[in-house]
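These are my notebook entries from a session with the structure below. I looked up single residues, then cores, backbone angles and one whole chain.

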Amino acid sequence: MTDYDIIIVGAGPAGSTVARSAAENGLNVLLLEKRQEIGVPVRCAEGVGKEKFNEIFKDIDKKWISAEVDGAKVYSPDKKTEIVLSGDKAGNEAGYVLNRKIFDKDLVKLATLAGSDLMVKTTATGLKKNKDQGTIELTMQNSDEIFTAETKILIGADGIESKIGNWAGMNTTLNLNELESCVQYQMTNIDFDERFCHFYLSYETIPGGYLWIFPKGKNVANIGLGVLSSLSKKSPKEYLDNFVNNNFPDGKIIEINAGGVPVGYPLKSAVNDNVMLVGDAARHVDPITGGGILNAMIGGLFATNIAIESINKKDYSVKTLKKYDELWKNDFGKTLHRNKKVQEKLLTTDDKTLNSIFHSMENYNITEANTKKLLYEIIKRNPKLLWDLKGLFI
Amino acid sequence: MERKININRYKCACCGACIAVCNFNANEIINTFLEIKDKNCTLCFSCIKACPFRAIELEE
């Protein structure tokens, strides 16, 4: 008999979503977290779209949310033009800025209340196929104790630094042009428009990425940036310090975060025999926005469904698990692919061109704007520059 | 002396960006600390470029 139906490596939003939903469906589940505390250190700007988030959670705990925003403002490199995405409060672009420390820990609590086992400060150190049983034997270590457990399904929810994919024979290593290298300060004592998330673009001063200001409460914000590792000439920290010194000289840093964000094309497949990858481990991150929390949870629910199906069929082969690929590809996978194409174009656009693109949008009526509509409108107004992208939006 | 890479602990934020770009399984975050496995490292320097704090340094 196997020890578990599912073992999940990594207790972020993706992993704990799988643990919770699998346990709720009566499966025997173990959730592993290598850190001694869930949710820290934070590696995230913490923004999520309101509409999708509300769809996923019927009962949102107020403690999960640091701030609510009406929309986003995007600034041209010369800061002379801004594009505002807002509309009504229930609209597509309204959002929450989460408190990941509380949110991540609560998701894990919910998973354990549903019946999932949990081990913290426990690292997965290797895996072996058990050919006779068609299962996987996972080796783990907690303190001096090294032990193994047999599982039918292994979920790699182990984030940007995922090992599970590579161990299971999938190449998930990123090239330098597929990684945003990010630094963020949580700052107090700053003055800005707290009704919006703010995005700054510039090839010169934020190469291959963007800078963000996400409100975290009165006069508090996450201010950070990501630059593409293959393009950046200075360290991300230098680019950020420069912005902060110029714009918020009186601000005080109360927390420093860092992180890598995967911005390549989506994986051709996020499964192998017995193994499915979810969240950042599956590189399920939007290459333009860098957003990954919602995809992590939606993908986690897809993975759970397919895990249940394969366990009922007693077939854990790649052939059965492939259905998970179909589910995420037909859902957010399409957006990931489209936005990667747009991001590639952005990477070759200099500041002068970007300024003129922003300028072309000055009288755009944005009450019903969402990202897709906005991109389509930008292409329409800049046909010579962007015509090759047109096919992506029809 | 042989060339190798070192982690500057005063700079490292243990974010894992360096691990995502390593093709040689030469680094790992153990609990909350980054470790380099010298025997796997090929000195390709991808991790140096990926690090948000430039915390990985070449020792000559």
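**Entry 1, a glutamine in a helix.** I began with Gln343(A), which I found in helix H7, residues 318–346 of chain A; I keep in mind that this is a predicted model. I asked whether Gln343(A) is buried or exposed. Its relative accessibility is 4%, and because buried means under 20% relative accessible area, Gln343(A) counts as buried. Setting aside residues up to four places away in sequence, I listed Glu180(A), Leu228(A), Val263(A), Pro287(A) and Ile288(A) as the residues that Gln343(A) touches.

**Entry 2, the nonpolar cores.** Next I looked up which residues touch the most other members of the largest nonpolar core. This core has 53 residues, and the ones in question are Ile6(A), Ile8(A), Ile153(A), Ile155(A), Met276(A) and Tyr324(A). Helix H6 of chain A, residues 293–313, gives the largest share of this core, with 8 residues. Apart from this core lies another one of 44 residues, and I noted that Phe243(A), Phe248(A), Ala17(B) and Cys47(B) are among its members. As a general remark, nonpolar side chains in soluble globular proteins tend to be buried together.

I then followed Tyr324(A) further and, not counting residues up to four places away in sequence, found that it touches a list of residues including Met276(A), His284(A), Phe302(A), Ala303(A) and Ile306(A).

**Entry 3, a buried phenylalanine.** Phe103(A) lies in helix H3 of chain A, which covers residues 100–113. Its relative accessibility is 0%, so I record Phe103(A) as buried. Leaving aside neighbours within four places in sequence, I find Phe103(A) in contact with Pro13(A), Phe53(A), Phe57(A), Trp64(A), Leu98(A), Ile293(A) and Met297(A). I also took the C-alpha to C-alpha distance from Phe103(A) to Ile65(A), which is 8.1 Å for two residues that stand 38 apart in sequence.

**Entry 4, an asparagine in a loop.** Asn219(A) sits in the loop between strand S14 (210–217) and strand S15 (220–228) of chain A. With a relative accessible area of 25%, Asn219(A) is partly exposed. How far apart in space are Asn219(A) and His337(A)? The C-alpha atoms of these two residues are 36 Å apart, with their positions 118 residues apart in sequence. Neighbours within four places left aside, the contacts of Asn219(A) are Met187(A), Thr188(A), Asn189(A), Ile190(A), Asp191(A) and Glu194(A).

**Entry 5, the inner side of a helix.** I asked which residues of helix H9 (residues 371–381) of chain A are buried. They are Leu374(A), Leu375(A), Glu377(A), Ile378(A) and Ile379(A). The buried residues of H9(A) pack against strand S6 (82–85), H7, helix H8 (351–360) and helix H10 (383–386) of chain A. For reading such a list, I recall that an α-helix has 3.6 residues a turn, so residues three or four places apart point the same way.

**Entry 6, backbone angles.** Most residues other than glycine have a negative phi, and most peptide bonds are trans. I therefore kept a list of departures from this general pattern.

- The peptide bond from Val40(A) to Pro41(A) is cis, with omega near -10°, and Pro41(A) has its place in the loop between strand S2 (29–32) and strand S3 (47–49) of chain A.
- Arg283(A), in the loop between strand S18 (275–277) and H6 of chain A, has a positive phi near 60°; at 5% relative accessibility, Arg283(A) is buried.
- Leu43(B) also has a positive phi, near 55°, and is placed in the loop between strand S3 (33–36) and helix H2 (46–50) of chain B; at 25% relative accessibility, Leu43(B) is partly exposed.

**Entry 7, chain B as a whole.** I counted 2 helices and 4 strands in chain B, and along the sequence their pattern is β-α-β-β-α-β. The radius of gyration of chain B is 10 Å, close to the 10 Å that the globule rule gives for 60 residues, so chain B is as compact as a globular protein of that length. Taken along the principal axes, the box filled by its C-alpha atoms is roughly 30 × 20 × 20 Å. Of the 60 residues, 48% count as buried, and chain B exposes about 3,200 Å², of which carbon and sulfur atoms supply 53%. Among contacts between residues at least 6 apart in sequence, 57% join residues at least 24 apart. Lastly, I noted that the mean positions of the 8 positive and 7 negative charges of chain B are 5 Å apart.

Methods: Residues are numbered from 1 along each chain as its sequence is written. Chains are lettered from A and ligands numbered from 1 in the order in which they are written. This is a predicted model: local features need pLDDT of at least 70, side-chain atom pairs count only at pLDDT 80 or more; totals for chains, interfaces and linings use all residues. Side-chain values use heavy atoms; hydrogens and water are left out. The radius of gyration is taken over C-alpha atoms; the globule rule is 2.2 Å times the number of residues to the power 0.38. Buried means under 20% relative accessible area, exposed over 50%, partly exposed in between (1.4 Å probe, protein chains only). Contact means heavy atoms within 4.5 Å. Accessible areas come from the Shrake-Rupley method with a 1.4 Å probe; for residues, only the protein chains shown count as cover. Lys and Arg count as positive and Asp and Glu as negative; His and the chain ends are not counted. The place of a charge is taken as NZ of Lys, CZ of Arg, CG of Asp or CD of Glu. A nonpolar core is a set of buried Ala, Val, Leu, Ile, Met, Phe, Trp, Tyr and Cys residues joined through side-chain atoms within 4.5 Å.
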